[in-house]
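Below are some short remarks on two regions of the model, for comparison with your own reading. Please check them against the coordinates.

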Amino acid sequence: MFERELAELKRRHLARRVISRDTPQGPEIRIQGRRRLNFSSNDYLGLANHPEVVRAAAEAAQRYGFGAGASRLLCGGSGLHRRLEDRIAAFKSTGAALLFNSGYAANTGIIPALAASGATIFSDELNHASIIDGCGLSRAKTVVYPHRDVGRLSSLLAREKGRRIVVTDSVFSMDGDIAPLGEIHDLCRRQGALLYIDDAHATGVLGRGRGGLAHFGIDPDPMILQMGTFSKAFGSFGAFAAGGEDVITWLLNTARSFIFSTALPAPVIAASLKAVSLVSRHPSLVRRLWENRQMLAEGLRDMGIDISASETPIIPIKTQSVRDALRMAASLGEAGIYAPAIRPPAVRQPRVRITVSAAHTERHISRLLSALRRYGKR
Ligand SMILES: Cc1ncc(COP(=O)(O)O)c(C=O)c1O
């Protein structure tokens, strides 16, 4: 049925395929029958296969079984779900929190709920696809502002009356740069706008693990709502909204992806609880991540590879064409390294996206640097 369309995707080198892994997530994996060093995952702290996380999930399966059987509102949730919400509210220093089944479900449920009474949304042009889809589902007027351009955002905000919501990623997932949250927050406060941040790649990474607001020294307040995921630095699955009690109660009553979807299985929740506790108890995990990030970034810069966009463990190497990105990923593959080519429509400019984690060793990073040497200018 879609023969012509698929042929066109192939012709433009944009056809995708699913890659299966035969080993747990980690710095060394086996995919397609070959062992590879893995620089593709968002498991920034190496918790996806941490023995305590795995044990917590197994014990929860013994106690609660697996499937939740129904939405939270129909008793699909266990006491663990409630405990994770309390834990996240404490971790983020907010009045309350609410779980969602994924980051995608959070953004597509929360944004329409926030914009329900005729608000205008202001969204950074490089926000994640789930934010773009959330804005679309809301049917609210959405003004897209140039990437990280607070001056432009300010003049656009001043033109609109009524409820206004500014939506931004804290860390942009394909460029690895950080939103100027301090300036955006000041602007929102002056203008009386609600600030909604997607902290998916900042939680567990920035602000000693507490996320984007902590990184900028911003105290949570009722006009800020944070969304974050358990699927990245926490190595688990699912997401949360954290904010004031009234906005969280509003979401519980109106966010359709929360209301009309079965609760996450208790073992997933137990894994997330354990991961949050590990991040809180072991600040060395986040320190290690940043040491590794520094080692890799310095090595790349020394070789003359331009990584100027990146400020975080997400380090894209941009290329002129899709074919160049595919060639670079293939040559890394030959050297036993997995780092994927990212192509339109996920990004405008093709790139190989490298992510480094706390679980990588110096030897892993040196091997990646050797494999990339031929792309350096020095
Ligand atoms: C910024 C951002 N928000 C939301 C999501 C979606 O999160 P999840 O994978 O938990 O659905 C992702 C990741 O895929 C992301 O990068």
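1. On the other side of helix H12 from its buried residues, Arg287 and Asp302 are exposed. This is a predicted model, and the remarks here should be read as such.

2. The helix itself runs over residues 283–302, which is 20 residues. From first C-alpha to last, H12 reaches 29 Å, close to the 28 Å expected at 1.5 Å a residue.

3. The buried residues of H12 are Leu285, Val286, Leu289, Asn292, Arg293, Leu296, Ala297, Gly299 and Leu300. They lie on the same side of H12 because they cover an arc of only 160° around the axis. An α-helix has 3.6 residues a turn, so residues three or four places apart point the same way.

4. What covers this buried side? The cover over the buried residues of H12 includes two helices, H11 (266–281) and H14 (362–372), together with strands S10 (314–318) and S13 (351–355).

5. Just after H12, Gly304 has a positive phi of about 80°.

6. A separate point concerns helix H6 (residues 150–158) and helix H7 (residues 181–191), which pack with their axes 10 Å apart and at an angle of about 15°. Angles under 35 degrees count as roughly parallel, so H6 is roughly parallel to H7. The crossing of H6 past H7 is right-handed.

7. Which residues make the H6–H7 contact? From H6 they are Val150, Leu153, Ser154, Leu157 and Ala158. H7 contributes Glu183, Ile184, Leu187 and Gln191.

Note on methods: Residues numbered from 1 in each chain as written. Predicted model: local features only at pLDDT ≥ 70, side-chain atom pairs only at ≥ 80, totals over all residues. Heavy atoms only, no water. Helix = DSSP H or I, 4+ residues; strand = E, 2+ residues; numbered from the N terminus. Expected span 1.5 Å × (residues − 1). Buried < 20%, exposed > 50% of the residue type's maximum accessible area, 1.4 Å probe, protein only. Arc of directions from axis to C-beta. Contact = heavy atoms within 4.5 Å. Axes fitted to C-alpha atoms, helices over the stretch in contact; angles between N-to-C directions. Parallel < 35°, antiparallel > 145°, perpendicular 65-115°, else oblique. Left-handed = near helix turned anticlockwise from the far one by under 90°.
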